[in-house]
Amino acid sequence: STGKRERSVVPEDVKLVAVITKEHVFFDLSVTVKNNFSTTAAAVLDVPRLPGLVLLEEHHRSGDIRYQTNVMEKKRADATFEQAAASKTHSATLSDTSEQSFSVKLDKIAKNTTATFGCRFIQTGGLRDFAAVVADGDSPGERIADVAVLPGFTTLEGEGVPFDFTLFISDSFDVQIPSHAVLLEDARTSENLVRDIKSILQLGPSLVEKEGLMKKLHWSTPGGLATGTLLK
């Protein structure tokens with residue numbers, strides 16, 4: 001925003017990295033935006049808060065400025081941020097956590113400059129158990145996914161957002177595709193549970209490569225995922 005003008009902007013790109021072991025699940029999210037106003041502006045990023053997801057670390061950048069994060073009592077943090085926002089020589093970030101979201105504000109982004117929000121999260125309790133899915137009552141249950149990504153930042157106002165997803169998973173896990181009948185049943189169940197899902201992309205083992213003690217899976221799309229696409 002600048003003055004009283006505010007607008008929702010489409011990110012320049014979004015990158016998500018997930019690291020999964022038997023004990024821990026980490027996420028590293030980067031969202032890049034550009035200030036297209038004719039003057040310096042502030043920017044706010046809201047990240048939906050999922051159950052068990054805890055903010056671990058922040059790493060933000062605006063142009064050549066890299067921000068160092070400090071934990072303060074809320075009243076002091078608000079005062080420090082307002083002081084920096086009113087200054088012509090200082091800049092600051094302000095983060096807040098509510099029941100619904102993690103919110104990060106960068107107080108100064110120069111005109112025609114890009115800024116990157118960076119947030120690292122840990123999933124408390126590690127991987128969660130998923131209910132088994134079966135094609136019919138006589139079939140054995142199959143586990144569909146330990147990781148599912150539902151991007152909500154795509155095709156806003158008809159514009160696609162470049163999306164890059166990298167998954168590092170412990171070599172102790174086997175990556176495989178369930179049977180076709182089970183995949184169809186999983187798609188039907190998912191669409192019933194989440195009404196916003198319009199399509200499902202299943203990442204197969206052909207996309208997995210070995211990297212040290214981890215398996216690496218990478219997927220990206222320059223044009224962005226369509227709204228409601230579930231990446232599993």
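## Close-up views of a predicted model

**View 1. A hairpin made by β12 and β13.** These two strands form a hairpin with 2 residues between them, and glycine 212 in the turn has a positive phi of about 65 degrees. Everything shown here and below comes from a predicted model. Strand β12 covers residues 208-211 and pairs with β13 in the antiparallel sense, over 4 bridges. To find one of the bridges, start at glutamate 211 and look across to methionine 214 in β13, its bridge partner.

**View 2. Strand β3 and its two faces.** Which residues of β3 point to the buried face? They are Ala41, Ala43, Leu45 and Val47, whereas Ala42, Val44, Asp46 and Pro48 point to the other face and are not buried. This fits a common pattern, as side chains in a regular strand alternate between the two faces of the sheet. Strand β3 also pairs with β8, antiparallel, over 7 bridges. Alanine 43 has leucine 106 in β8 as its bridge partner.

**View 3. The largest nonpolar core.** This core holds 34 residues, and those touching the most other members are Phe27, Leu29, Phe117, Phe121, Phe163, Phe165 and Leu167. Several strands give two or more residues to the core, including β1, β3, β8 and β10. The largest share, 5 residues, comes from β2. Take a moment with phenylalanine 27: beyond its neighbours within four places in sequence, its contacts include Leu16, Leu53, Cys119 and Phe121.

**View 4. Threonine 116 in strand β9.** Is threonine 116 buried or exposed? Its relative accessibility is 12%, so threonine 116 counts as buried, because the cut-off for buried is under 20%. You will find this residue in β9, which spans residues 114-123. Its side chain makes a polar contact of 3.1 Å with the side chain of threonine 32. Among the other residues that threonine 116 touches are His59, His60 and Arg61.

**View 5. Salt bridges around arginine 120.** Arginine 120 forms a salt bridge with aspartate 28, their closest N and O atoms being 2.9 Å apart. This pair links strand β9 to strand β2, with the two positions 92 residues apart in sequence. Arginine 120 also meets glutamate 57 in a salt bridge, at 3.0 Å from N to O. Glutamate 57 sits in strand β4, 63 residues apart from arginine 120.

**View 6. A salt bridge from a loop to a strand.** Aspartate 171 and lysine 210 form a salt bridge, with 3.5 Å between the closest N and O atoms. Aspartate 171 lies in the loop between β10 and α2 and lysine 210 in β12, so the pair ties together parts 39 residues apart in sequence. Aspartate 171 is partly exposed, at 35%, and lysine 210 is exposed, at 52%.

Terms used:
Residues are numbered from 1 along each chain as its sequence is written. This is a predicted model: local features need pLDDT of at least 70, side-chain atom pairs count only at pLDDT 80 or more; totals for chains, interfaces and linings use all residues. Side-chain values use heavy atoms; hydrogens and water are left out. Buried means under 20% relative accessible area, exposed over 50%, partly exposed in between (1.4 Å probe, protein chains only). A polar contact is a pair of N or O atoms within 3.5 Å; within protein, one must be able to donate a hydrogen and the other to accept it, and residues adjacent in sequence count only if both atoms are side-chain atoms. Contact means heavy atoms within 4.5 Å. A nonpolar core is a set of buried Ala, Val, Leu, Ile, Met, Phe, Trp, Tyr and Cys residues joined through side-chain atoms within 4.5 Å. Two strands pair if DSSP finds at least two bridges between them. A salt bridge is a side-chain nitrogen of Lys or Arg within 4 Å of a carboxyl oxygen of Asp or Glu.
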